[in-house]
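Dear colleague,

I am handing over the structure we spoke about, and below it you will find what came out of going through it. Please read the notes with the structure open beside them.

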Amino acid sequence: MAGDVRWADLLCPDCTDQVLAEPFSWGLRWKHLTQQDNWDCFACKQLLDEAIDRHGGQLQVASTFAYLPPSVRREMVAAHEAGHAVLGLEFGYPLSHAAVGSSSNPNADGEVWWDFNRHVVSNDEYGAMTYAGALAQRRWLEAQGYQLDVADLVDLSKGASEDIVGLVNQLGGLPTGDD
């Protein structure tokens with residue numbers, strides 16, 4: 001029998017603290033988790049093994065904020081993507097496409113695409129753009145009266161790390177601009 005878990009269910013307290021305290025350091029933590037490679041943290045590996053045993057060997061990571069009604073979730077995604085778009089436009093990058101939903105990735109809730117062909121992307125701007133969606137999403141949820149718990153914050157962090165991967169894919173690699 002498959003069981004739904006949240007990302008916070010698979011992180012030990014120390015790794016949760018690291019993920020939430022250092023917003024640009026989640027990359028390796030998420031890479032290990034999504035590749036089911038937890039050799040670097042015995043406590044996380046133990047949590048993962050326990051969850052697998054509890055759910056009969058099958059785990060499904062629950063959709064981020066799946067508890068929200070679809071109309072609220074759609075507005076939340078719009079706020080998230082707007083965060084990326086506004087900051088990128090402020091940095092002067094040409095926006096080519098923004099949407100709730102995704103034409104290129106059926107697992108994505110939304111997308112923002114840029115025309116980076118003639119632009120050098122600075123490392124600081126790159127970091128800010130990837131994190132802007134999660135920050136806008138958090139602020140929007142809080143403005144709607146939602147009290148975010150640790151599991152919600154970990155989900156926001158996970159979403160931001162996926163945004164980092166998406167932007168790296170758009171750029172064809174990590175930015176080479178000045179720091």
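**Helix 4 and its surroundings**

The buried residues of helix 4 pack against four elements, namely strand 3 (95-100), strand 4 (110-114), helix 5 and helix 6. Please keep in mind throughout that this is a predicted model. The residues of helix 4 that are buried are V72, R73, M76, V77, A79, H80, E81, G83, H84, A85 and G88, so that charged residues such as R73 and E81 appear in that list beside nonpolar ones such as V72 and M76. As a check on its geometry, helix 4 (residues 70-90) has 21 residues, which at 1.5 Å a residue should span 30 Å, and its end C-alpha atoms are indeed 30 Å apart, so the two values agree. After helix 4 comes G92, which has a positive phi, near 90°.

One residue of helix 4 that may be worth selecting in your viewer is M76. With a relative accessibility of 2%, M76 counts as buried, because the cut-off for that class is under 20%. Leaving aside neighbours within four places in sequence, M76 is in contact with F65, L68, Q137, W140 and L141. Of these contacts, L141 lies 65 residues from M76 along the chain, yet the C-alpha atoms of M76 and L141 are separated by 7.0 Å.

**The chain as a whole**

Stepping back, the protein chain has 6 helices and 4 strands, and from the N terminus on these elements run in the order β-α-α-α-β-α-β-β-α-α. Of the 179 residues in the protein chain, 38% are buried, while the accessible surface comes to about 10,100 Å², with 52% of that area belonging to carbon and sulfur atoms. If one takes the contacts between residues at least 6 apart in sequence, 69% of them join residues at least 24 apart.

**Helix 5 against helix 6**

Two packed helices are described by the angle between their axes and the distance between the axes. For helix 5 (residues 123-143) and helix 6 (residues 150-171), the axes come within 9 Å and cross at roughly 145°, and the crossing of helix 5 past helix 6 is right-handed. On the helix 5 side the contact is made by Y126, T130, Y131, A134, Q137 and R138, and these meet L153, L156, A160, D163, I164, L167, V168 and L171 in helix 6. Sorted by class, the contact of helix 5 with helix 6 has 10 nonpolar, 2 polar and 2 charged residues.

Is R138, which sits in helix 5, buried or partly exposed? R138 has a relative accessible area of 35% and is therefore partly exposed, since that class lies between 20% and 50%. Not counting residues up to four places away in sequence, R138 touches L148, L153 and L156. The first-named partner, L148, is 10 residues from R138 in sequence and 8.2 Å from R138 in space, C-alpha to C-alpha.

In helix 6, S157 is one further residue to look at. S157 counts as buried because its relative accessibility is 5%, under the 20% cut-off. The C-alpha atoms of S157 and V19 are separated by 7.2 Å, although S157 and V19 are 138 residues apart along the chain.

With best wishes

Note on methods
Residues are numbered from 1 along each chain as its sequence is written. This is a predicted model: local features need pLDDT of at least 70, side-chain atom pairs count only at pLDDT 80 or more; totals for chains, interfaces and linings use all residues. Side-chain values use heavy atoms; hydrogens and water are left out. Helices (H or I, at least four residues) and strands (E, at least two) are DSSP runs, numbered from the N terminus. Buried means under 20% relative accessible area, exposed over 50%, partly exposed in between (1.4 Å probe, protein chains only). Contact means heavy atoms within 4.5 Å. Accessible areas come from the Shrake-Rupley method with a 1.4 Å probe; for residues, only the protein chains shown count as cover. Axes are lines fitted to C-alpha atoms, for helices over the stretch in contact, and angles run from 0 to 180 degrees between N-to-C directions. A crossing is left-handed if the near helix is turned anticlockwise from the far one by less than a right angle, and right-handed if clockwise. The expected span of a helix is 1.5 Å times one less than its number of residues.
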